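The following exercises concern helix packing, burial and local backbone geometry. Please examine the sequence and the structure before reading the solutions.

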Amino acid sequence: MALVFWEQAVNDLSARDPVMHRIIQCYSDSMPEERGNAFATLARAIVGQQISVKAAASVWQKVTTLIPEITPEALIATEVDLLRTCGLSARKVDYLRDLSRHFLEGMLVTVNWHDLDDETLIRKLVEVKGIGRWTAEMFLIFHLHRPDVLPLDDIGLQRAVSLHYNASQPVAKQAIRTIAESWQPWRSVATWYLWRSLDPIPVIY
């Protein structure tokens with residue numbers, strides 16, 4: 001996430017939302033790293049699908065030990081059985097290999113990511129096997145540094161909103177959307193701090 005807007009986002013969120021102000025104060029010395037590799041960001045998001053932040057970090061570390069430089073060429077050249085030893089399901093290995101093919105065949109590398117709006121980008125990305133809206137949103141947040149993405153399907157976001165805004169009771173997606181209205185145009189930043197409030201390991205894709 002580009003840090004050029006981070007300070008303004010933090011100030012705005014803190015001024016508008018007392019809950020967000022408290023969370024930000026707890027993690028004021030923490031912010032996400034900038035990410036520069038589109039392929040690695042998408043691959044890591046696929047690895048992180050439907051598992052905890054801790055589990056995703058563990059699997060990704062094993063993948064990067066096996067493949068120190070995460071590129072489409074290196075990943076597709078790695079034997080399936082070796083990828084499975086990293087803790088990847090057969091389905092995720094299939095998704096990663098399909099993603100590699102999309103890059104190697106030029107179907108994604110020619111996309112002018114920064115020229116497209118969020119929803120157009122999401123529609124483009126979900127054409128790839130294994131990439132749903134959540135994975136596309138992680139790409140928007142962590143690679144393209146889009147400041148106003150609200151990943152409503154994210155379990156961590158749902159848990160954090162439940163904890164901080166609804167006395168740990170379940171919260172409907174529409175209710176999260178309503179709470180997040182005051183966060184605009186910094187919903188990515190708010191989401192990142194909510195993630196941070198749940199786990200000692202910062203979310204990275």
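Five exercises follow, each with a worked solution.

The model is a predicted one, in which local features need pLDDT of at least 70 and side-chain atom pairs count only at pLDDT 80 or more, while totals for chains, interfaces and linings use all residues. Residues are numbered from 1 along each chain as its sequence is written, and side-chain values use heavy atoms, with hydrogens and water left out.

**Exercise 1. Burial of helix 3**

Determine which residues of helix 3 are buried and which helices they pack against.

Solution. Step 1: fix the terms. Helices are DSSP runs (H or I, at least four residues), numbered from the N terminus. Buried means under 20% relative accessible area, exposed over 50%, and partly exposed in between, with a 1.4 Å probe and protein chains only.

Step 2: apply them. Helix 3 spans residues 38-47, and 10 of its 10 residues are buried, so the helix is largely enclosed by the rest of the structure. The buried residues include Phe39, Leu42, Arg44 and Val47.

Step 3: identify the surroundings. Packing, like every contact below, requires heavy atoms within 4.5 Å. The buried residues of helix 3 pack against helix 4 (53-66), helix 5 (72-77), helix 7 (90-104), helix 8 and helix 9.

Step 4: inspect the start of the helix. There, a side-chain oxygen of Asn37 comes within 3.0 Å of the backbone nitrogen of Phe39. This is a polar contact (a pair of N or O atoms within 3.5 Å; within protein, one must be able to donate a hydrogen and the other to accept it, and residues adjacent in sequence count only if both atoms are side-chain atoms).

**Exercise 2. Helix 3 against helix 7**

Describe the packing of helix 3 and helix 7 by axis distance, angle, handedness and residue class.

Solution. Step 1: the axes come within 10 Å and cross at roughly 165 degrees. Axes are lines fitted to C-alpha atoms, for helices over the stretch in contact, and angles run from 0 to 180 degrees between N-to-C directions.

Step 2: helix 3 is therefore roughly antiparallel to helix 7. Angles under 35 degrees count as roughly parallel, over 145 as roughly antiparallel, 65 to 115 as roughly perpendicular and the rest as oblique.

Step 3: the crossing is right-handed, meaning that the near helix is turned clockwise from the far one by less than a right angle, whereas anticlockwise would be left-handed.

Step 4: Ala38, Phe39, Leu42, Ala43, Ile46 and Val47 of helix 3 meet Lys92, Tyr95, Leu96, Leu99, Ser100 and Phe103 of helix 7. By class, this contact has 10 nonpolar, 1 polar and 1 charged residues. Here Ala, Val, Leu, Ile, Met, Phe, Trp, Tyr, Cys and Pro count as nonpolar, Asp, Glu, Lys and Arg as charged, and the others, Gly among them, as polar.

Step 5: Lys92 lies in helix 7 and is buried, with a relative accessible area of 12%. Beyond its neighbours within four places in sequence, Lys92 contacts Ile46, Val47, Gly48, Gln49 and Ile51.

**Exercise 3. Helix 8 against helix 9**

Characterise the crossing of helix 8 and helix 9 and the residues that form the contact.

Solution. Step 1: the axes of helix 8 (residues 118-125) and helix 9 (residues 133-142) come within 9 Å and cross at roughly 125 degrees. Helix 8 is therefore oblique to helix 9, and their crossing is right-handed.

Step 2: helix 8 contributes Asp118, Glu119, Leu121, Ile122 and Leu125, and helix 9 contributes Arg133, Ala136, Glu137, Phe139 and Leu140. These residues divide into 6 nonpolar, no polar and 4 charged.

Step 3: helix 9 is mostly covered, with 9 of its 10 residues buried. Its cover includes helix 3, helix 8 and helix 12 (187-198).

**Exercise 4. Arg146**

Establish whether Arg146 is buried or exposed, and which backbone oxygens its side chain reaches.

Solution. Step 1: Arg146 lies in the loop between helix 9 and helix 10 and counts as buried at 13% relative accessibility.

Step 2: its side chain reaches the backbone oxygen of Leu116 at 2.8 Å, and a polar atom of that side chain lies 3.1 Å from the backbone oxygen of Trp113.

Step 3: the C-alpha atoms of Arg146 and Asp118, 28 residues apart along the chain, are separated by 8.0 Å.

**Exercise 5. Backbone geometry in loops**

Compare Gln50 with His145 in phi and accessibility, and locate the cis peptide bond.

Solution. Step 1: Gln50, in the loop between helix 3 and helix 4, has a positive phi of about 60 degrees although it is not a glycine. At 86% relative accessibility, Gln50 counts as exposed.

Step 2: His145 likewise is not a glycine and has a positive phi of about 60 degrees, but His145 counts as buried at 14% relative accessibility.

Step 3: the cis peptide bond joins Gln184 and Pro185, with omega about 5 degrees. Pro185 is found in the loop between helix 11 (173-179) and helix 12.

Note on methods. Helix = DSSP H or I, 4+ residues; strand = E, 2+ residues; numbered from the N terminus.
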